[in-house]
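Reader: I have a structure open and would like to go through it with you. Could we begin with a single residue and work outwards?

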Amino acid sequence: MKKFVIIVASCMALTFNATAQRQLIGQAKKDISGLTMTVDSYNKAFNKFKPALTHEETCNHPGTWALANRMMVELFDKYEDNRRVGKKVDIKAMGHALLDAYDYGLKSLALDTIPVLDKKGNPVIDKKTKRPKVKTRFSKEVIGRLLDYHDNYRIIGSELYNVKDWDGAYKAWDDYCQMAARTDNPRWIKPDSIVAEVRYYQGIAAWQRADTIDAVRLFSIARHSGYKHKEAYDYALVCLSDLGNEAEVVKLAWEAFLKFGTSDPQYIRILINDYLSKEDFSGANDLIDDALEAKPNDDELLNLKGLIIENQEDIYQAFPYYQRCIELNDSNASGLFNVGRYFYNKAMETRQNSMLTGKKLANLVNPIYREALPYLEKSYAINPRNVDVRNALRDIYYKLGEADKLQQIESAQ
């Protein structure tokens, strides 16, 4: 008898619990029907309703998730209403309401398949697909809401990015692109150029959250989907370089060089350095000559031409190119260094080859060191991270006895 009472009591408890969960859903619908709902009221209503999302009696029902989708969309709207009347809103909370709405909507769509039965209760088979027919109850309203807010995902991604919520921005842009890839309603479809641009921004968000491999993937998707702006190449090159993938760096640099030419010298510099690392001086020379034919007064190209000739011959044959480089651009740090290096090397060779010593040797080589100084000092001022420039200046200051300048450059390390 006691056992029977316990079983009955347990059944009553389960029934009561299930009823309570269904009541939560009904109460949530009632709560959000009020016209004066505030952001706080929406949050309170959702928190009361939230247990229905995990209770076994309600969590597998598409209507539960459809209601959650609706509540989050309406909460997003309430944030927007507040912003329109000049109130300060929590952008992150506002954005994540929309992100949650998408996830809840997908959950409802996945569950919302009701088999179509004949009069005998058997599944009706579709003649075309040869599969059981199904109908939906909540999918139309969920899809309708997501369609209405599709563009908001792209916009809120930017807003989340601006408040440095990289994960939120990444997801918002991914949700937008995932919706645009759906084929069950023509209203989802967006122009390829827009989707490609959003993938590029998603790549930036991935890079910001230190997911470099994923960033490379997204930049590639963006480029191959129609986003051809230069930054899609530049960010990808940075990421590939960080990953140490030199082969892919060179491959992408070629792609960028063929598209943008010498408008940005970094591409051709990467390619020439690749040739030089392989000691393919002929290939490097051919590439730079083709580029110089189109841009004979490009200071970067002339500097690179000098480097190639120096590798093939010596710095004396390369010097006219370095000199012409800084004539065209006296702020080219690399060109300034190379001109200064020419005089520095000349002084070193003079020192090594001379039979003179002491003051006579100093009188011979010090003027050559002084010729190098203005170029090296200006190069160092532009790019103080160049260790080779710093080392050359340290040596010259030491040999010229300029203790103050030597101390200054030593303390700057």
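**A conversation about the model**

Author: L361 is buried, with a relative accessible area of 11%. Please keep in mind that this is a predicted model.

Reader: Why does L361 count as buried?

Author: Its relative accessible area is 11%, and buried means under 20%.

Reader: Where is L361 found?

Author: L361 belongs to helix 17, which covers residues 358-382. Its C-alpha atom is separated by 7.1 Å from that of R351, and the two residues are ten apart along the chain.

Reader: What about I326, is it buried or exposed?

Author: I326 is buried, at a relative accessible area of 12%. This residue sits in helix 15. Between the C-alpha atoms of I326 and K78 there are 60 Å, and 248 residues separate the two along the chain.

Reader: Let us turn to rings. How many aromatic pairs does the structure hold?

Author: There are 23 aromatic pairs in the structure. One of them joins Y316 and Y342: the ring centres are 5.6 Å apart and the planes stand at 75°, so this pair is edge-to-face.

Reader: Why does an angle of 75° make the pair edge-to-face?

Author: Planes over 60 degrees apart count as edge-to-face, and the planes of Y316 and Y342 are at 75°.

Reader: Which helices hold the two residues, Y316 and Y342?

Author: Y316 is in helix 15 (residues 315-328) and Y342 is in helix 16 (residues 333-353). The pair links distant parts of the chain, with the two residues 26 apart.

Reader: And how accessible are Y316 and Y342?

Author: Y316 is partly exposed, with a relative accessible area of 29%, whereas Y342 is buried, with 12%.

Reader: Which residues do ring pairs link into a cluster?

Author: The cluster consists of Y161, W166, W173, Y200, Y201, W207, F219, Y227 and Y235.

Reader: I204 caught my eye. How far is I204 from Y161?

Author: From C-alpha to C-alpha, I204 and Y161 are 9.5 Å apart in space, while 43 residues apart in sequence. I204 lies in helix 8 and counts as buried, at 7% relative accessibility. Y161 is one of the residues in the ring cluster.

Reader: R199 is also in helix 8. What does its side chain contact?

Author: The side chain of R199 makes a polar contact with the side chain of D174, at 2.9 Å. Helix 8 covers residues 192-208. R199 counts as buried, with 13% relative accessibility.

Reader: Which ring does R209 lie over?

Author: R209 lies over the face of Y170, at 3.8 Å from the ring centre. In another place, the charged end of R223 sits over the ring of Y233, 5.3 Å from the centre of that ring.

Reader: Now for pockets. What lines the second largest pocket?

Author: The lining is made up of V216, S220, R223, H224, A236, L240, E248, K251, L252 and E255. The elements that give two or more residues to it are helix 9 (212-224), helix 10 (230-243) and helix 11 (246-260). R223, whose charged end sits over the ring of Y233, is thus mentioned here again as one of the lining residues.

Reader: How much space is in that second largest pocket, and what classes of residue form its lining?

Author: About 160 Å³ of space lies in it. The lining has four nonpolar, two polar and four charged residues.

Reader: Let us finish with loops. What is noted about the phi of K164?

Author: K164 has a positive phi of about 65°, although it is not a glycine. Most residues other than glycine have a negative phi. K164 is in the loop between helix 6 (150-162) and helix 7 (166-180), and it counts as exposed, at 59% relative accessibility.

Reader: And what about E279?

Author: E279 also is not a glycine and has a positive phi, of about 60°. The residue lies in the loop between helix 12 (265-277) and helix 13 (281-294). At 60% relative accessibility, E279 counts as exposed.

Reader: D264 is in a loop too. Is it buried or exposed?

Author: D264 is buried, with a relative accessible area of 15%. Its place is in the loop between helix 11 and helix 12. A polar atom of the D264 side chain lies 3.0 Å from the backbone nitrogen of Q266.

Technical notes: Residues numbered from 1 in each chain as written. Predicted model: local features only at pLDDT ≥ 70, side-chain atom pairs only at ≥ 80, totals over all residues. Heavy atoms only, no water. 1 Å grid on protein atoms, 1.4 Å probe; cavity = no way out; pocket = protein on both sides within 12 Å on 5 of 7 lines; lining within 4 Å. Points joined across faces, edges and corners; volume = space filled by probe spheres on them. Helix = DSSP H or I, 4+ residues; strand = E, 2+ residues; numbered from the N terminus. Nonpolar A, V, L, I, M, F, W, Y, C, P; charged D, E, K, R; others polar. Phe/Tyr/Trp six-rings, centres within 6.5 Å; stacked < 30°, edge-to-face > 60°. Buried < 20%, exposed > 50% of the residue type's maximum accessible area, 1.4 Å probe, protein only. Lys NZ or Arg CZ within 6 Å of the ring centre and 35° of its normal. Polar contact = N/O pair within 3.5 Å; in protein donor to acceptor, adjacent residues only side chain to side chain.
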